[in-house]
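Colleague: I would like to take a close look at a single part of this protein, with the whole fold as background. Could you take me through it slowly?

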Amino acid sequence: MTTKKRESLKPRKVPQQSRAGQTVAAILEAAARILETKGIEGLNTNIVAQRAGVSIGSLYQYFPGKDALIVALCQRERAVFFAEAEVALSEPSGQQALMRLIAASVHQQLRRPTLARLLDVEENRPAIAKELAPFIVAMSELIREILAHEDIPPQPSIEIAADDIIAIVRAMVDAAGYRGEVDRAALEFRVSRALFGYLGIVERRPG
């Protein structure tokens with residue numbers, strides 16, 4: 001009896017030249033657009049290659065299969081989010097940094113809501129979640145740095161508080177995405193109320 005070989009979720013190779021980078025970018029954007037229009041069931045490597053304008057052989061040079069494409073898409077979207085979230089560290093206060101972090105989270109969900117919703121589901125698959133674990137670690141470290149500001153009340157455990165903040169923001173923002181919300185300001189306000197209440201911040205400073 002033979003067992004089916006498990007598909008690798010890692011890219012076969014990393015593009016070294018700009019042209020190769022453009023090819024990978026085109027493949028990932030094609031996959032994203034197919035997800036947005038046809039859903040996860042409509043995503044396969046042949047259709048992605050056709051949409052990207054590359055041969056199936058070129059696609060397989062970088063991605064061994066559908067799941068590897070999904071992982072790469074998740075990583076691309078998380079990298080965009082993390083770049084925005086890191087800007088929070090430049091804010092002069094912890095509360096302002098939290099507001100910037102919330103804004104980045106809401107923007108990520110509502111920027112391409114259909115894609116975000118589909119990737120949220122895929123990210124919960126254990127094999128894919130394992131590949132994305134470094135992003136969670138980096139985000140937890142970023143939040144712990146924010147919580148160290150003097151205007152944030154001390155927490156019993158800064159590590160647990162950081163994990164809770166990630167969970168609260170993700171749950172609220174994801175739920176808003178599933179409901180089809182489009183009002184960014186209203187969502188940011190609700191998330192800020194939840195986080196500030198959790199952290200014991202009685203009154204938010206202006207700005």
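Colleague: To begin with, how many helices and how many strands does the secondary structure of the protein come to, and at what angle do helix α4 and helix α6 pack?

Modeller: Please keep in mind that this is a predicted model. The secondary structure comes to nine helices and zero strands, and read along the sequence the pattern is accordingly α-α-α-α-α-α-α-α-α. Of the 207 residues in the protein, 43% are buried, and among the contacts with a separation of 6 or more, 71% are between residues 24 or more positions apart.

Turning to the part you ask about, helix α4, which covers residues 66-86, and helix α6, which covers residues 113-123, pack at an angle of about 120°, and their axes are 10 Å apart. Angles that are neither under 35 degrees, nor over 145, nor from 65 to 115 count as oblique, and therefore α4 is oblique to α6. The crossing in which α4 passes α6 is left-handed. On the side of α4, the contact is made by Ile70, Leu73, Cys74, Arg76, Glu77 and Arg78, while α6 contributes Leu115, Leu119, Glu122 and Glu123. Sorted by character, the residues of this contact divide into five nonpolar and five charged, with no polar ones.

As for the outside of the protein, about 11,400 Å² is exposed, and 55% of that area is supplied by carbon and sulfur atoms.

Notes
Residues numbered from 1 in each chain as written. Predicted model: local features only at pLDDT ≥ 70, side-chain atom pairs only at ≥ 80, totals over all residues. Heavy atoms only, no water. Helix = DSSP H or I, 4+ residues; strand = E, 2+ residues; numbered from the N terminus. Buried < 20%, exposed > 50% of the residue type's maximum accessible area, 1.4 Å probe, protein only. Contact = heavy atoms within 4.5 Å. Areas by Shrake-Rupley, 256 points an atom, 1.4 Å probe, with all protein chains shown as cover. Axes fitted to C-alpha atoms, helices over the stretch in contact; angles between N-to-C directions. Left-handed = near helix turned anticlockwise from the far one by under 90°. Nonpolar A, V, L, I, M, F, W, Y, C, P; charged D, E, K, R; others polar.
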